[in-house]
Amino acid sequence: MDGRGELVSRVYRRVRRPIPLVAESDVDDRAPLEGGLTLVTGAASGIGRALAHEFARHGHDLVLVDVDEAGLEAVTDEIDTLAAGTVSLQLAIDLTTPGAVDDIETALAELEAPLEILVNNAGVPVYGPFSTTDGGAEREMIRLNVEALTRLSDGLLAGMLERERGIVVHTASLAGVVPVPTAAVYSGTKAYVYSFSLALAAELEGTGISVTTLCPGETDTGFMNRGGMDESAFTDGSDALMAPETVARAAYAGAMAGERVVVPGWRNRLRYHLARVLPTRVAMAISRRLWSGTR
Ligand SMILES: NC(=O)c1ccc[n+]([C@@H]2O[C@H](COP(=O)([O-])OP(=O)(O)OC[C@H]3O[C@@H](n4cnc5c(N)ncnc54)[C@H](OP(=O)(O)O)[C@@H]3O)[C@@H](O)[C@H]2O)c1
């Protein structure tokens with residue numbers, strides 16, 4: 001095989017293989033803790049709902065958090081009829097309000113069961129050139145995507161550290177790996193999640209706690225209809241969008257294996273690898289084109 005053929009073959013092998021994108025953690029014992037809980041935020045719809053189903057399917061008992069109370073009820077009913085795990089508690093909470101994280105911590109303490117897995121998934125987009133977007137919506141997005149995620153990790157890690165055991169999953173995005181012109185603040189929040197989570201994973205080495213950063217590409221959820229995303233180049237139901245269930249399956253497998261980064265789907269993995277080797281200018285031109293349909 002000539003040099004170019006060898007290079008193509010190496011890239012192909014790399015993107016076909018889901019893991020590891022970066023080093024795996026040192027945690028290998030993954031059986032659910034007796035009575036241990038899995039908390040999922042943004043669990044009423046989209047990727048969070050699919051994650052709740054996936055964890056329940058594998059026998060995990062859940063605490064579901066979302067601002068959408070009716071949606072939480074619906075997911076709980078689905079899980080109660082279909083899955084091996086159960087929903088121990090639903091918390092209808094707006095994570096951007098002061099005291100939301102304290103309320104979650106209090107509710108967990110009342111359950112008197114250890115939190116084994118924290119899935120910090122809730123997040124929203126704001127789409128459009130920064131000079132035209134609503135600053136209030138962006139500040140609220142930062143409160144959810146960055147502040148609530150950080151506060152929840154901070155508050156709930158202490159118990160895991162005491163028990164020397166736990167799994168943290170943070171939903172970032174491919175938009176956190178490359179800056180996205182037309183979604184500057186959103187991609188900034190996801191770059192924060194990506195960077196914070198990788199750094200946290202390294203800090204927690206040897207503690208029994210792993211941190212998995214989930215980087216989905218465009219996924220077929222309500223996300224595509226909020227925050228101005230209906231103005232983007234992604235149309236609801238397009239073939240290019242991944243099913244949230246596919247994202248959740250990859251996330252679950254990766255989290256249980258202690259992977260540091262999970263990018264569901266080979267096309268998305270190719271984008272992830274390209275983003276890290278291409279000049280940033282070129283990678284940004286590609287993401288601008290994908291998101292807005294323009295160069
Ligand atoms: N879909 C994609 O293409 C994509 C790609 C990469 C990464 N992601 C990330 O994946 C995560 C989940 O997104 P998704 O696609 O599943 O979106 P989604 O279908 O819109 O689900 C988001 C859920 O979070 C809830 N939520 C919104 N604001 C909240 C708040 N302040 N407090 C508590 N819950 C709140 C929403 O409730 P309401 O509906 O009532 O507001 C909704 O149930 C996000 O972090 C997103 O950035 C998504």
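Student: Which helix gives the most to the shell around the ligand?

Tutor: In this predicted model, that's helix H2, residues 46-57, with 3 residues. The shell holds 27 residues, and Gly42, Gly46, Asp68, Gly123 and Phe223 come nearest to the ligand.

Student: And how do the shell residues divide into nonpolar, polar and charged?

Tutor: You get 9 nonpolar, 13 polar and 5 charged.

Student: Let's turn to the core. Which residues touch the most other members of the largest nonpolar core?

Tutor: General idea up front: in soluble globular proteins, nonpolar side chains tend to be buried together. Here the largest nonpolar core has 76 residues, and Val40, Leu51, Ala52, Leu64, Val65, Cys215 and Ala251 touch the most other members. Helix H5, residues 135-163, gives the most to this core, with 7 residues. Take Leu64: leaving out residues up to four places away in sequence, its contacts include Val40, Ala52, Leu72 and Val87.

Student: Which residues of H8 are buried?

Tutor: An α-helix has 3.6 residues a turn, so residues three or four places apart point the same way. In H8, Asn268, Arg269 and Arg271 are buried. They cover an arc of only 160° around the axis, so they sit on the same side of H8.

Student: What about phi? Is Glu164 positive or negative there?

Tutor: Most residues other than glycine have a negative phi. Glu164 has a positive one, near 55°, and is found in the loop between H5 and strand E5. Thr182 is also positive, at about 90°, in the loop between E5 and helix H6.

Student: Are Glu164 and Thr182 buried or exposed?

Tutor: Glu164 counts as exposed because it has 11 C-beta neighbours inside 10 Å. Thr182, with 23, counts as buried.

Conventions:
Residues numbered from 1 in each chain as written. Predicted model: local features only at pLDDT ≥ 70, side-chain atom pairs only at ≥ 80, totals over all residues. Near = placed C-beta within 6 Å. Helix = DSSP H or I, 4+ residues; strand = E, 2+ residues; numbered from the N terminus. Nonpolar A, V, L, I, M, F, W, Y, C, P; charged D, E, K, R; others polar. Buried ≥ 20, exposed ≤ 12 C-beta atoms within 10 Å, placed from the backbone. Arc of directions from axis to C-beta. Core = buried A, V, L, I, M, F, W, Y, C linked by C-beta atoms within 7 Å. Contact = placed C-beta atoms within 7 Å.
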